[in-house]
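Let's take a friendly walk through this model, one region at a time. Have the sequence and the 3D view open as you read.

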Amino acid sequence: MHSSVPDFDMPNDEQVNLAAESFRLLADPTRIKVLWALLQGESSVACLAELAGAAPTAVSQHLAKLRLAGLVTGRREGTFVYYSAANNHVRGLLAQALFHADHIDRDLPPAADPAADNAHHAVS
């Protein structure tokens, strides 16, 4: 059946595995909060822990995993490390996930253009 669909395309196994790994790492409320905070700008572990409502040691462990997955980067300044989101792809992933969650939560129909509607969707 799919062979009759014009321009039908499937991702390769490596793409699928990497995408699944990214989603697996994003499947944690603390990591989502940390990443969202990092999309606002560079931050330290202590600040991120406060924003996420988690212990600094836990946030540090989350950051290590996110860094290995290429979702965050770190910049060392003396004895401190300042983290930031790796790129705008991270923003897109989180914005779409939070947009979808907001629509489920408020029982809203899907929007034609999620990007246009994202302006009023905020993370608390």
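## Starting from Q40

In which helix does Q40 lie? Q40 belongs to helix α2. Keep in mind throughout that this is a predicted model. Is the residue buried or exposed? With a relative accessibility of 56%, Q40 counts as exposed, because the cut-off for that class is over 50%.

The side chain of Q40 comes to 3.0 Å from the backbone oxygen of W36. Q40 also has a distant partner in sequence: S84 is 44 residues away along the chain, yet the two C-alpha atoms are 8.7 Å apart in space.

## Helix α2 from end to end

How far apart are the end C-alpha atoms of α2? They are 17 Å apart. The helix has 12 residues, and at 1.5 Å a residue it should span 16 Å, so the two values agree.

At the N-terminal end, D28 acts as a cap: one of its side-chain oxygens is 2.9 Å from the backbone nitrogen of T30. Just beyond the helix, G41 adopts a positive phi of about 150°.

Much of α2 is hidden from solvent, and its buried residues are T30, R31, V34, L35, W36, A37, L38 and L39. These buried residues pack against the helices α1, α3, α4 and α5, and also against the strands β1 (72-77) and β2.

## The nonpolar core

Which residues touch the most other members of the largest nonpolar core? They are L38 and L63, in a core of 22 residues. At least two core residues come from each of α1 (13-26), α2 (29-40), α3 (45-52), α4 (56-68), β2 (80-85) and α5 (88-105). The biggest contribution is that of α2, which gives six residues.

L63 is a good place to see how these parts meet. Leaving aside residues up to four places away in sequence, L63 touches V34, L38, V45, L48, V72 and Y83. Of these contacts, V34 and L38 are also among the buried residues of α2, while Y83 is one of the buried residues of β2.

## The β1–β2 hairpin

How do β1 and β2 pair? They run antiparallel, joined over six bridges. Two of the pairings are easy to find: V72 has A85 as its bridge partner in β2, and E77 is opposite F80. Two residues separate the strands of this hairpin, where G78 takes a positive phi near 65°.

The side chains of β2 alternate between two faces. V81, Y83 and A85 point to one face and are buried, whereas F80, Y82 and S84 point to the other and are not. S84 is the residue met earlier, 8.7 Å from Q40 by C-alpha distance.

## An aromatic pair on β2

A pair of aromatic rings is described by the distance of the centres and the angle of the planes. The model holds one such pair. It is formed by F80 and Y82, whose ring centres are 6.4 Å apart and whose planes meet at 35°, so the pair is classed as tilted. Y82 has a relative accessible area of 23%, which means that this residue is partly exposed.

## A last stop at D7

D7 sits in the segment before α1. Although D7 is not a glycine, its phi is positive, at about 60°. Its relative accessible area is 79%, so D7 is exposed.

Note on methods
Residues numbered from 1 in each chain as written. Predicted model: local features only at pLDDT ≥ 70, side-chain atom pairs only at ≥ 80, totals over all residues. Heavy atoms only, no water. Core = buried A, V, L, I, M, F, W, Y, C linked by side-chain atoms within 4.5 Å. Buried < 20%, exposed > 50% of the residue type's maximum accessible area, 1.4 Å probe, protein only. Helix = DSSP H or I, 4+ residues; strand = E, 2+ residues; numbered from the N terminus. Contact = heavy atoms within 4.5 Å. Expected span 1.5 Å × (residues − 1). Polar contact = N/O pair within 3.5 Å; in protein donor to acceptor, adjacent residues only side chain to side chain. Phe/Tyr/Trp six-rings, centres within 6.5 Å; stacked < 30°, edge-to-face > 60°. Pairing = 2+ DSSP bridges.
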